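User: I am new to this structure and would be grateful for a guided reading of it. Please show me the sequence and the model before we begin.

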Amino acid sequence: MLFANEDQRLFQRMQLDTKIILATAQTRVEGVCRNISATGALMEVTAGHCQVGEEWQLVVPSADNSVEPLKAMAKILRVESGTATDMVGLSLSEVR
């Protein structure tokens, strides 16, 4: 298998610093997207909101009301716990 870069990712990550929302029927968590690729994202959220294995709807709001927000299903792959915030690794599917 060929990999796109030295850390063996299939897709390059784009560095971001933008608002991102995770939501279920009962919960909404806002955070900051630190990087994103075609199949994954890394976001920073207030500590304690995300657990490995959970599935959320991800929304990246658009800065322009005439452009639809990016939406996807997100599965929590890892959580690096911090004191005030957690770094959450997401696997993305059904991107639209």
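The questions and answers below concern confidence, charged side chains and cysteines.

User: What kind of model is this, and what is the mean pLDDT of the protein chain?

Analyst: This is a predicted model, in which local features need pLDDT of at least 70, side-chain atom pairs count only at pLDDT 80 or more, and totals for chains, interfaces and linings use all residues. Residues are numbered from 1 along each chain as its sequence is written, and side-chain values use heavy atoms, with hydrogens and water left out. The pLDDT is the predictor's confidence in each residue, from 0 to 100. Of the residues in the protein chain, 89% reach 70 or more, and the mean pLDDT is 88.

User: Over which residues is the pLDDT below 50?

Analyst: Beyond near neighbours in sequence, the stretch in question has 10 contacts in the model, a contact being heavy atoms within 4.5 Å. The pLDDT is below 50 over residues 1–6.

User: How many salt bridges does a search of the whole structure find?

Analyst: A salt bridge is a side-chain nitrogen of Lys or Arg within 4 Å of a carboxyl oxygen of Asp or Glu. One of them joins the side chains of Arg-78 and Glu-80, at 3.1 Å from N to O. Asp-17, Arg-34 and Glu-44 are linked in a network of salt bridges. The search of the whole structure finds five.

User: With which residue does the side chain of Lys-19 meet in a salt bridge?

Analyst: Lys-19 lies in strand β1, residues 14–23; strands (E, at least two residues) are DSSP runs, numbered from the N terminus. Not counting residues up to four places away in sequence, Lys-19 touches Glu-30, Gly-31, Val-60 and Pro-61. The salt bridge of Lys-19, at 3.6 Å from N to O, is with Glu-30. This pair links distant parts of the chain, 11 residues apart, with Lys-19 in strand β1 and its partner in strand β2 (residues 28–36), namely Glu-30.

User: Is Arg-28, a salt-bridge partner of Glu-30, buried or exposed?

Analyst: Arg-28 forms a salt bridge with Glu-30, and their closest N and O atoms are 3.0 Å apart. Buried means under 20% relative accessible area, exposed over 50%, and partly exposed in between (1.4 Å probe, protein chains only). Glu-30 has a relative accessible area of 40% and is therefore partly exposed. Arg-28 has a relative accessible area of 53%, so this residue is exposed.

User: Which side chain of opposite charge is nearest to Asp-86?

Analyst: Asp-86 is in strand β6, residues 85–93, and is buried yet has no salt bridge. For charge, Lys and Arg count as positive and Asp and Glu as negative, while His and the chain ends are not counted. The nearest side chain of opposite charge is 12 Å away and belongs to Arg-78.

User: Which residue has its backbone nitrogen 2.9 Å from a polar atom of the side chain of Asp-86?

Analyst: Leaving aside neighbours within four places in sequence, Asp-86 is in contact with several residues, including Met-43, Thr-46, Val-79 and Ser-81. The backbone nitrogen that lies 2.9 Å from a polar atom of the Asp-86 side chain is that of Gly-48.

User: How many disulfides does the count come to?

Analyst: A disulfide is a pair of cysteine sulfur atoms within 2.5 Å. Cys-33 is buried, because its relative accessible area is 0%, and Cys-50 is buried as well, at 2%. By the distance rule, the count of disulfides comes to zero.

Methods:
Helices (H or I, at least four residues) and strands (E, at least two) are DSSP runs, numbered from the N terminus. A polar contact is a pair of N or O atoms within 3.5 Å; within protein, one must be able to donate a hydrogen and the other to accept it, and residues adjacent in sequence count only if both atoms are side-chain atoms.
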